[in-house]
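Hi there,

Here is the structure I promised to pass on to you. Please have a look at it first, and then read my notes underneath.

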Amino acid sequence: MHDFEYRNGELYCEKVRVQDIAGRVGTPFYLYSYKTFTDHFLKIKKAFEPVKPLICFAMKANGNLAVLRALVQKGAGLDIVSGGELFKARKAGCPGARIVYAGVGKTDQEIADAIRANILLFNVESIPELENIQRVAHQLKRRVNVSLRINPGIDPHTHDYIATGKSESKFGIDLDTAHLTFMRSMRYPNVSICGLHVHIGSQITDGEPFVKAFRKVLIFVTSLEKEGHRIQYLNLGGGLGIIYSDEKPQTAAEFAKKVLPLFKGRRYKLIFEPGRFIAGNGGLFVTKVLYIKQAASKHYAIVDGGMNDLLRPALYGAYHEILPLTKATMGKVQKYDLVGPICESGDFLATNRKIQSLRSGDAVGLLGAGAYGFTMSSQYNARPRVAEVLVKGNRFDIVRERETYQDLIQRERVPAYLK
Ligand code: LLP
């Protein structure tokens with residue numbers, strides 16, 4: 001479900017014609033729908049209403065301040081993974097009490113900043129990290145809340161790069177070590193280990209791996225409680241898959257129907273960290289055809305957006321549906337590789353895609369670009385990062401200006417001997 005649809009052959013985002021925005025902003029750019037983002041947040045919120053969880057949007061998926069503000073204003077918390085994300089979370093007006101902090105490599109500075117910002121929980125990924133949080137909290141004369149991220153050893157059936165719950169992955173702590181850590185919790189007087197965290201991977205379309213992982217968490221938490229440990233928070237991570245092409249992912253309601261019964265009669269505060277589910281379908285990457293190149297075996301549509309702007313196809317072989325901004329009413333269908341201007345063979349946005357015949361100057365949108373689109377972009381090939389635009393109803397706002405050539409050199413310094 002999203003708010004990009006055709007009316008009279010023209011692609012609209014909510015009530016605005018995408019071509020009009022392209023005319024004003026130029027291409028390429030990211031286009032977001034306020035309604036799609038907030039609707040998806042509210043869908044999860046509603047599905048889990050009986051237990052009133054804290055839903056922390058994983059801002060690595062989309063860190064634009066306007067997007068964050070839209071979600072925070074609807075009651076979302078934020079899941080952060082760096083000091084930079086903490087900074088942006090605060091700028092977006094997110095109260096510390098709604099921030100959880102994950103990631104395997106938190107620095108002393110990042111830990112201290114997060115403690116000062118009074119975040120709700122650190123999701124701790126290793127024992128050395130726990131020791132470090134203890135040390136920093138002691139220095140600051142504070143006591144901080146921590147969830148241990150456990151690695152349940154579950155295969156989430158997703159792309160290898162985004163599977164995190166397998167026992168061989170770098171994430172989380174195995175159950176034996178976690179148990180030992182609870183037994184030794186007095187070693188960490190400035191830390192209250194009051195939660196467990198589990199996140200097994202991303203773009204998981206089936207409920208089964210989640211249920212398996214959560215069952216393991218429940219068995220573990222039950223045994224901890226029998227030993228007298230008190231667990232207040234269960235952070236069940238993110239990972240809910242979305243439709244890019246022909247996936248049939250569980251809906252938020254179906255997910256809740258599977259998950260809620262597991263926690264019936266237990267009093268934990270549940271936390272979720274969805275990123276893609278909230279933002280993925282709310283974004284379109286708009287790019288324009290520069291040239292059509294006919295090679296021996298195929299047609300290339302060379303567009304002005306590249307792998308530096310939208311990395312997912314190059315990195316994961318990800319599929320993003322192509323929507324021409326203006327639908328052809330007649331004419332033939334053609335098979336294209338949609339490729340960017342970057343000097344790498346891996347620079348493609350789509351391969352072997354049958355779509356309406358394209359001409360130089362035609363603009364197309366790639367769906368499913370609201371999550372891990374702009375946030376993974378770079379300036380590779382000295383390409384300024386693109387603009388981001390947010391539509392709400394019949395208005396649109398540029399929520400991040402396109403970078404300029406000056407931005408490319410802004411922080412570079414040439415030593416005196418080269419001048
Ligand atoms: N919580 C933790 C601890 C995570 O590591 C992640 C994502 C999330 C929550 C949010 O997961 P989501 O609900 O979005 O699936 N760049 C990749 C995805 C990387 C996901 C990393 N961790 C992509 O474009 O598919």
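Below is what I found, starting with the ligand site and ending with a sheet.

Please keep in mind that this is a predicted model.

The ligand has 19 residues around it, and those that come nearest are Ser202, Glu273, Arg312, Tyr316 and Tyr372. By type, the shell divides into six nonpolar, seven polar and six charged residues. Both domain 1 (4–31 + 280–408) and domain 2 (103–272) give residues to this shell, so the ligand lies between the two domains.

For your work, the individual polar contacts may be of interest. Two of them involve the backbone: a polar backbone atom of Gly239 is 2.8 Å from an oxygen atom of the ligand, and a backbone N or O atom of Gly275 lies 2.9 Å from a ligand oxygen atom. On the side-chain front, Tyr316 places an N or O atom 2.7 Å from a nitrogen atom of the ligand. On its own, the ligand has 590 Å² of accessible area, and the protein covers 92% of that.

Now to the sheet. Three strands form an open sheet in the order β1-β2-β3, and the pairing is antiparallel. The edges are β1 (4–7) and β3 (16–17), each of which pairs on one side only. Strand β2 (residues 10–13) runs antiparallel to β3 and is joined to it by two bridges. Which residue of β3 is the bridge partner of Tyr12? That is Arg17.

Happy to talk it through whenever suits you.

Best wishes

Conventions. Residues are numbered from 1 along each chain as its sequence is written. This is a predicted model: local features need pLDDT of at least 70, side-chain atom pairs count only at pLDDT 80 or more; totals for chains, interfaces and linings use all residues. Side-chain values use heavy atoms; hydrogens and water are left out. A residue is near a molecule or strand if one of its heavy atoms lies within 4 Å of it. A polar contact is a pair of N or O atoms within 3.5 Å; within protein, one must be able to donate a hydrogen and the other to accept it, and residues adjacent in sequence count only if both atoms are side-chain atoms. Accessible areas come from the Shrake-Rupley method with a 1.4 Å probe; for residues, only the protein chains shown count as cover. Ala, Val, Leu, Ile, Met, Phe, Trp, Tyr, Cys and Pro count as nonpolar, Asp, Glu, Lys and Arg as charged, and the others, Gly among them, as polar. Domain bounds come from an automatic or database domain assignment. Two strands pair if DSSP finds at least two bridges between them. Helices (H or I, at least four residues) and strands (E, at least two) are DSSP runs, numbered from the N terminus.
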